[in-house]
Amino acid sequence: MPTPSTRLNGQFALVTGASSGIGAAVAKALAAHGAAVAVNYSHDADGGNAVVKEITDAGGTAIAIGADVSKEDQVQAMFQQAIEHFGTLHIVVSNAGIQVDSPFVEMKLEQWQKVIDVNLTGQFLVLREAAREFIKRGVQPDVSRAAGKIICMSSVHEVIPWAGHVNYATTKGGIMQLMKSTAQELAPHKIRVNSIGPGAIKTPINHDAWATPEAEQKLLTLIPYNRVGDPADIGSLAAWLVSDEADYITGQTIFMDGGMTLYPGFATGG
Ligand code: NAD
């Protein structure tokens, strides 16, 4: 568990896709800094419940809520359940995402559509429900300077093209404009919207890219800082970005990637 603090005391958070990987680490980090957390899972109830147990065993507060973020009725029911349980929400981390890889010319419409549905439409549905709750409730000055804080989990593939993963990279590019446009529209309501753009982080989504020493060595050629990231790296950033210490940040993607976006191929002259 991350080092505890009181930075997010009295705040209620929802993290989507939190039964594994980055979402689980973000949920644990928010809880360690004092937030009560709704841990969303899609099919993996055991994973969601295990994250809740880890948080509560460490003295935190958490509940698990099942919902598929690509389904409007399920997203609305998830927010209703979290708000009924906690009273309101102050922090929403829209993290759920998938890869369905294929060479472009062989990509089936279903492979394209599935990734758009979860990674992009899912973000829209989650952000819209978050904004509705934050606007309805407004700022609670004794809790936070903002009425609400949203983090979209993007990727370095928001800016780095990715052959063989055109559907995935397209959704991450789309998240950039979703995040920036909603940040612009919601700022007058004192709602902050930002993205985190992880580089290579050791999670199930990219298991094959780091699971063997040979694969990890190949991956490291893309990372100037010469280590593959841990989910906890992203958890620390998320817990800071939603805190009042970051109150003047909105509409930004913060890349956390060990330098992957520094175009390491040019380090030796290009
Ligand atoms: P992961 O596979 O462990 O996590 C993805 C989570 O999303 C899982 O918990 C999964 O159950 C959930 N999910 C999938 N479909 C869902 C749906 N329809 N509704 C609700 N939840 C659903 O992988 P991860 O690396 O932790 O991925 C989390 C996010 O981080 C994703 O958006 C991913 O694109 C992004 N990301 C990861 C990396 C990396 O290197 N691991 C890099 C950049 C971005």
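**Helix α8 and the ligand shell**

Among the elements that cover the buried residues of helix α8 are α1, β5 (148–153), β6 (191–198) and β7 (253–256). The model in which this arrangement appears is a predicted one. Helix α8 itself spans residues 231–241 and is mostly covered, with eight of its 11 residues buried. Those buried positions are P231, D233, I234, G235, L237, A238, A239 and L241; here, buried denotes a relative accessible area under 20%.

Helix α1, one of the elements that cover α8, also leads to the ligand. Both α1 (21–32) and α5 (166–186) supply at least two residues each to the shell around the ligand. That shell comprises 29 residues, of which the closest are S20, I22, N95, Y168 and T203. Sorted by class, the shell around the ligand contains 13 nonpolar and 14 polar residues, together with two charged ones.

Several polar contacts can be described at the level of atoms. S20 places a polar side-chain atom 2.8 Å from an oxygen atom of the ligand. For N95, a backbone N or O atom lies 2.8 Å from a ligand oxygen atom. G17 likewise approaches through its backbone, where an N or O atom lies 3.3 Å from an oxygen atom of the ligand. As for the surface of the ligand, the molecule taken alone exposes 810 Å², and the protein buries 92% of that area.

Key. Residues are numbered from 1 along each chain as its sequence is written. This is a predicted model: local features need pLDDT of at least 70, side-chain atom pairs count only at pLDDT 80 or more; totals for chains, interfaces and linings use all residues. Side-chain values use heavy atoms; hydrogens and water are left out. A residue is near a molecule or strand if one of its heavy atoms lies within 4 Å of it. A polar contact is a pair of N or O atoms within 3.5 Å; within protein, one must be able to donate a hydrogen and the other to accept it, and residues adjacent in sequence count only if both atoms are side-chain atoms. Accessible areas come from the Shrake-Rupley method with a 1.4 Å probe; for residues, only the protein chains shown count as cover. Helices (H or I, at least four residues) and strands (E, at least two) are DSSP runs, numbered from the N terminus. Ala, Val, Leu, Ile, Met, Phe, Trp, Tyr, Cys and Pro count as nonpolar, Asp, Glu, Lys and Arg as charged, and the others, Gly among them, as polar. Buried means under 20% relative accessible area, exposed over 50%, partly exposed in between (1.4 Å probe, protein chains only). Contact means heavy atoms within 4.5 Å.
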